[in-house]
Amino acid sequence: MKISMLGLVVLLTGAQVLCAQETFKTRSSPLALTQMRYQNTYVKITYSQPQKRGRETFGKLVPYGEVWRTGANEATEITLTGDVMVNNQLLKSGTYSIFTIPQQDRWTIIINADVGLWGSYNYNPRFDVMRFDVPVQRNNVFFEGFTMLFDQKNDLADLLIMWDTVKLSVPFKFIN
């Protein structure tokens with residue numbers, strides 16, 4: 001039986017398409033992004049968004065007192081094109097990882113110079129650029145997916161971190 005050249009090309013192309021679809025499965029914790037800009041400074045946070053799916057989040061899925069990647073999959077990263085103040089501390093332009101240590105009443109926010117990490121498995125405190133605590137607030141709205149967003153008013157902003165009924169607010173100030 002002879003197979004024409006066109007038939008062979010169609011067969012091979014179809015096999016490649018099927019394999020490609022197999023390779024690019026949707027993540028259960030999708031990639032998410034929040035960003036803001038003021039004058040010439042741009043801030044972007046890239047993170048993965050785990051879902052609650054009926055699980056007990058804080059204290060179980062995310063243990064209290066342990067360093068967390070602040071999302072899922074790769075460690076959360078923040079990129080700044082200019083210097084900003086974060087919780088009244090200077091953060092120079094660049095790209096950093098964001099880690100947290102959740103507790104019931106407060107979280108420790110960690111900005112770390114090591115980037116490109118999977119999770120917090122290789123977190124090294126020697127690369128911490130800053131560390132500070134923020135109080136836990138209870139949110140009136142339930143968030144199924146872990147969510148980070150900026151609430152910006154000109155040169156001031158709060159980074160809101162929300163999941164389940166937990167809410168954190170991290171103050172940012174752009175430097176003129």
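1. Is D133 buried, partly exposed or exposed? At 41% relative accessibility, D133 counts as partly exposed. Keep in mind throughout that this is a predicted model.

2. D133 also has a charged partner. It forms a salt bridge with R106, and the closest N and O atoms of the two are 3.6 Å apart. D133 belongs to strand β8 while R106 belongs to strand β7 (residues 106-112), so the pair ties together parts that are 27 residues apart in sequence. R106 has a relative accessibility of 35%, so it too counts as partly exposed.

3. On to the other salt bridges. The structure holds five of them. One joins the side chains of R131 and D128, with 3.1 Å from N to O. Both ends are partly exposed: R131 is at 40% relative accessibility, and D128 has a relative accessible area of 22%.

4. Another one to click on is K173 with D155, whose side chains meet in a salt bridge at 2.9 Å, N to O. This pair links distant parts of the chain, as K173 is in strand β10 and D155 is in the loop between β9 and β10, 18 residues apart. The two ends fall into separate accessibility classes: K173 is partly exposed, with a relative accessible area of 35%, whereas D155, at 18%, counts as buried because the cut-off for that class is under 20%.

5. Staying with that hairpin: β9 (residues 137-153) and β10 (residues 156-174) pair in the antiparallel sense, over 10 bridges. If you want a register check, D151 stands opposite D158 in β10. Two residues sit between the strands of the hairpin, and N154 takes a positive phi near 60 degrees there.

6. Now the sheet. Six strands make an open sheet in the order β1-β2-β3-β6-β7-β8, with antiparallel pairing. The edges are β1 (31-38) and β8 (128-135); each has a single partner strand, so one side of each is left without a neighbour in the sheet. On average, neighbouring strands of this sheet are turned by 20 degrees against each other, direction ignored.

7. One pairing inside that order deserves its own point. Strand β3 (residues 76-80) and strand β6 (residues 94-102) run antiparallel and are joined by five bridges. Here L80 stands opposite G94 in β6.

8. What about the nonpolar packing? The largest nonpolar core has 34 residues, and W107, I161, V170 and F172 touch the most other members. Strand β10 gives the most to this core, with nine residues. Apart from it lies another core, of six residues, among them A75, F99, I101 and L117.

9. W107 is worth displaying with its surroundings. Not counting residues up to four places away in sequence, W107 touches F58, W68, T100, I101, P102, F132, D133, V134, V136, I161, V166 and L168. So the list takes in D133 from point 1, along with I101, which is a member of the six-residue core.

10. A last stop is S28, placed in the loop between α1 (5-23) and β1. Which residues does S28 contact, leaving aside its neighbours within four places in sequence? They are Q49, Q51 and R53. For Q51, 23 residues apart from S28 along the chain, the C-alpha separation is 7.7 Å.

How values were computed. Residues numbered from 1 in each chain as written. Predicted model: local features only at pLDDT ≥ 70, side-chain atom pairs only at ≥ 80, totals over all residues. Heavy atoms only, no water. Pairing = 2+ DSSP bridges. Helix = DSSP H or I, 4+ residues; strand = E, 2+ residues; numbered from the N terminus. Axes fitted to C-alpha atoms, helices over the stretch in contact; angles between N-to-C directions. Contact = heavy atoms within 4.5 Å. Salt bridge = Lys/Arg side-chain N within 4 Å of Asp/Glu carboxyl O. Buried < 20%, exposed > 50% of the residue type's maximum accessible area, 1.4 Å probe, protein only. Core = buried A, V, L, I, M, F, W, Y, C linked by side-chain atoms within 4.5 Å.
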